[in-house]
Amino acid sequence: MPTDAILKLFRLRPLPNELIHWPMSESRIIVYVDDDEDDRDLFSEVIRTVRPDLEVVLAKDGHDALEKLGILSTPACVFIDMNMPKMSGLQLLGVLKSDPRLSPIPAVILTTALTPHQRVELIGLGAKDYLIKPSSFEDFKNMLKSNLLKLFAG
């Protein structure tokens with residue numbers, strides 16, 4: 001379903017421009033947090049296909065992500081699955097945005113579905129964007145490619 005149709009269906013407005021246009025990052029590290037191993041593998045494969053110059057750091061849950069973020073140099077972006085056990089994507093986003101060292105890192109939420117209430121929560125917590133996970137590799141690739149262009153030149 002096209003984005004415009006989804007926005008109309010849920011009576012949502014597009015994100016404001018200040019949330020869409022991100023400053024370019026000098027970091028070449030992207031963190032992806034997802035409890036589903038197949039989704040982590042798919043994300044890595046898409047990034048290798050679209051931007052082989054980027055390093056992907058995978059985390060299996062929010063606790064693993066926080067541990068890895070504690071030892072990494074600042075990543076360009078953190079992509080977070082919304083529906084995870086132990087610590088949800090919303091909870092992880094809240095922790096990231098409350099930490100002065102981690103709060104400047106753009107955080108993008110990936111989910112299979114999003115209610116209007118959740119969208120408001122995400123923006124309120126400081127998410128830079130949210131993406132609905134497509135079902136095909138090609139659609140996922142195109143979606144990530146579009147979003148990576150916001151972060152990196154060329």
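Let us start at helix α5, whose buried residues are covered by elements that include β1, α4, β3, β4 and α6 (116–125). What you are looking at is a predicted model, and this helix is a good place to enter it. Which residues of α5 are buried? They are G89, L90, L92, L93 and L96. These residues span an arc of only 160 degrees around the axis, so they sit on the same side of α5.

From here we can step into the nonpolar interior. The largest nonpolar core has 25 residues, and those that touch the most other members are V33, V78, I80, I109 and L122. At least two residues of this core come from each of β1 (29–33), β2 (55–59), α4 (62–71), β3, α5 (89–98) and β4 (107–111). The largest share, four residues, is supplied by α5, the helix where our walk began.

Pick out L122 next, one of the core members with the most partners in the core. Which residues does L122 touch, once those up to four places away in sequence are set aside? They are M82, L90, L93, I109, L114, A127 and Y130. Apart from the largest core there is another one, of 16 residues, and its members include Y32, L54, L110 and L144.

One of the names in that second core, Y32, takes us to the aromatic rings. How many aromatic pairs does a search of the whole structure find? There are three. In one of them, the ring centres of Y32 and F43 are 4.0 Å apart and the planes meet at 5 degrees; the cut-off for stacking is under 30 degrees, so this pair counts as stacked. Because Y32 belongs to strand β1 and F43 to helix α3 (residues 37–50), the pair ties together parts that are 11 residues apart in sequence. Both Y32 and F43 are buried.

F43 has a further ring partner in F79. Their centres are 5.3 Å apart and their planes stand at 55 degrees, so this pair is tilted. Here the link is between distant parts of the chain, with F43 in helix α3 and F79 in strand β3, 36 residues apart. Are F43 and F79 buried or exposed? F43 has a relative accessible area of 0% and is buried, and F79, also at 0%, counts as buried. Taken together, ring pairs join Y32, F43, F79 and F140 into a cluster.

Strand β3 (residues 77–81) also holds D81. Although D81 is an acidic residue by name, let us simply ask where it sits: D81 is buried, with a relative accessible area of 5%. Its side chain makes a polar contact with the side chain of K133, at 2.9 Å. Beyond residues up to four places away in sequence, D81 touches V33, D34, D35, G89, L110 and K133.

Our last stop is M82, in the loop between β3 and α5. With a relative accessible area of 3%, M82 is buried. Leaving aside neighbours within four places in sequence, M82 is in contact with S88, G89, L90, I109, L110, T111, L114, Q118 and L122. M82 and D34 are 48 residues apart in sequence, yet 8.2 Å apart in space from C-alpha to C-alpha. Among the contacts of M82 are G89 and L90, two of the buried residues of α5, and that brings us back to the helix where we started.

How values were computed
Residues are numbered from 1 along each chain as its sequence is written. This is a predicted model: local features need pLDDT of at least 70, side-chain atom pairs count only at pLDDT 80 or more; totals for chains, interfaces and linings use all residues. Side-chain values use heavy atoms; hydrogens and water are left out. Buried means under 20% relative accessible area, exposed over 50%, partly exposed in between (1.4 Å probe, protein chains only). A polar contact is a pair of N or O atoms within 3.5 Å; within protein, one must be able to donate a hydrogen and the other to accept it, and residues adjacent in sequence count only if both atoms are side-chain atoms. Contact means heavy atoms within 4.5 Å. A nonpolar core is a set of buried Ala, Val, Leu, Ile, Met, Phe, Trp, Tyr and Cys residues joined through side-chain atoms within 4.5 Å. The arc is that of the directions from the helix axis to the C-beta atoms. Rings of Phe, Tyr and Trp (its six-membered ring) pair if their centres lie within 6.5 Å; planes under 30 degrees apart count as stacked, over 60 as edge-to-face and the rest as tilted.
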